[in-house]
Amino acid sequence: ASSLGAAAAQSGRYFGTAVAANKLGTSAYATILDREFNMITPENEMKWDATEPARGSFSFGSADQIVSHAQAHGQRMRGHTLVWHSQLPGWVGGLAAADLQTAMDNHITQVMNHFKGKIYAWDVVNEAFADGSTQHRSSPFQDKLGGGFIEHAFRTARSVDANVKLCYNDYNIENWSDAKTQGVYSMVKDFKARGVPIDCVGFQGHFGSGGPPASLQTTLSAFAALGVDVQITELDIAQAPSSGYANTVNACLAVARCTGVTVWGIRDSDSWRSGDNPLLFDGNGNAKAAYTSVLNTLNGG
Ligand code: G3I
């Protein structure tokens, strides 16, 4: 196949990208988006600060723009993200515990209801674990509601929508021996054992120039064996080495329950770490060597 999306579809997978609503009108950007990608994650537009900047006052305009674009071009959507300590409007952090619980439940409910039927999977909770540790990080949710906030968020999300996939998403959980990986693994194992609704785990995949850890496939397989789908959700690699990209895609292809790969932006100039030139297209929209490497890998080598 001659595009990333079509090549991934040969094995029933998707190939996605993060999208910024304010770039959809740039034809060089939209042309690559619609030629290559069949899954879209809004880069910022579904986050709490964008969707509920003031309590109870919801704004979905820029997210709706992306959803409309996806529907017009046959692309599916990953919702990103409902509960995250970052890009949290100031009012949330100021609430006392009982009020915070109410606000969190209402946020999950209103946002999921607005997009109901239009989303393949939601990142229900994002980045709740601390680096270098098996424990949760400090956040308004953790500190005021306690560690049960994650389970509560997933149960609330399931009560809002019985059909959408519910995911936990994090970074630095790709290396099997890392404490953070083991912490998230233990949580997912516990959730599955107790019937807490979780369907998928997103491995962000923000890698240095050395590419993914050698254990990536081991990690994906171990999580999949717990009974969840796994995805690479925010892939970018410093200097975009062809081998690092090929190794990442190969790890996914080797795991039956790895359902797709998403890169975190289209052109290097679109990247949150643009100084690293980490993406598959250069600033002029030309495919880089890593693009060819990914396409060939998806096509079977
Ligand atoms: O919207 C404001 C704009 O009004 C203002 O003028 C401008 C001035 O700086 O800032 C704009 O907001 C920026 C926003 O991106 C939209 O461009 C924020 O400052 C900036 O911090 C924000 O960065 C985003 C970052 O998440 C925030 O944490 C990046 O675009 C986005 O790529 C990045 O994505 C995260 C994932 O959601 C979760 N995993 C890690 C990943 C990379 O950090």
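The legends below describe views of a predicted model of a protein chain with a ligand.

Residues are numbered from 1 along each chain as its sequence is written. Because the model is predicted, local features need pLDDT of at least 70 and side-chain atom pairs count only at pLDDT 80 or more, while totals for chains, interfaces and linings use all residues; side-chain values use heavy atoms, with hydrogens and water left out.

**View 1. The whole protein chain, with 12 helices and 9 strands.** Helices (H or I, at least four residues) and strands (E, at least two) are DSSP runs, numbered from the N terminus. The radius of gyration is 18 Å, close to the 19 Å of the globule rule for 301 residues, so the chain is as compact as a globular protein of that length. That radius is taken over C-alpha atoms, and the globule rule is 2.2 Å times the number of residues to the power 0.38. The C-alpha trace spans about 50 × 40 × 35 Å along its principal axes. Of the 301 residues, 58% count as buried; buried means under 20% relative accessible area, exposed over 50%, and partly exposed in between (1.4 Å probe, protein chains only). The mean pLDDT of the protein chain is 98, and 100% of its residues reach 70 or more; pLDDT is the predictor's confidence in each residue, from 0 to 100. For the complex, the predictor gives an ipTM of 0.94 and a pTM of 0.98.

**View 2. The ligand and the 14 residues around it.** Glu-43, Lys-47, His-80, Glu-127 and Glu-234 come nearest, where a residue is near if one of its heavy atoms lies within 4 Å. The shell divides into 3 nonpolar, 7 polar and 4 charged residues. In this division Ala, Val, Leu, Ile, Met, Phe, Trp, Tyr, Cys and Pro count as nonpolar, Asp, Glu, Lys and Arg as charged, and the others, Gly among them, as polar.

**View 3. Side chains of Lys-47, Gln-87 and Gln-204 beside the ligand.** An N or O atom in the side chain of Lys-47 is 2.6 Å from an oxygen atom of the ligand. For the side chain of Gln-87, the distance from an N or O atom to a ligand oxygen is 3.2 Å. A nitrogen atom of the ligand lies 3.0 Å from a polar side-chain atom of Gln-204. The ligand taken alone exposes 790 Å², of which the protein buries 45%; accessible areas come from the Shrake-Rupley method with a 1.4 Å probe.

**View 4. Thr-233 in strand E8 (residues 229-237).** Thr-233 is buried, at a relative accessible area of 2%. Its side chain is joined to that of Asn-169 by a polar contact of 2.7 Å. A polar contact is a pair of N or O atoms within 3.5 Å; within protein, one must be able to donate a hydrogen and the other to accept it, and residues adjacent in sequence count only if both atoms are side-chain atoms.

**View 5. Gly-202 in strand E6 (residues 200-203).** Gly-202 is buried, with a relative accessible area of 0%. Between Gly-202 and Asp-123, 79 residues apart in sequence, the C-alpha distance is 7.8 Å.

**View 6. Ala-254 in the loop between helix H11 (242-253) and strand E9 (258-263).** Ala-254 is partly exposed, at a relative accessible area of 44%. Its C-alpha atom is separated by 7.2 Å from that of Gln-217, 37 residues apart along the chain.
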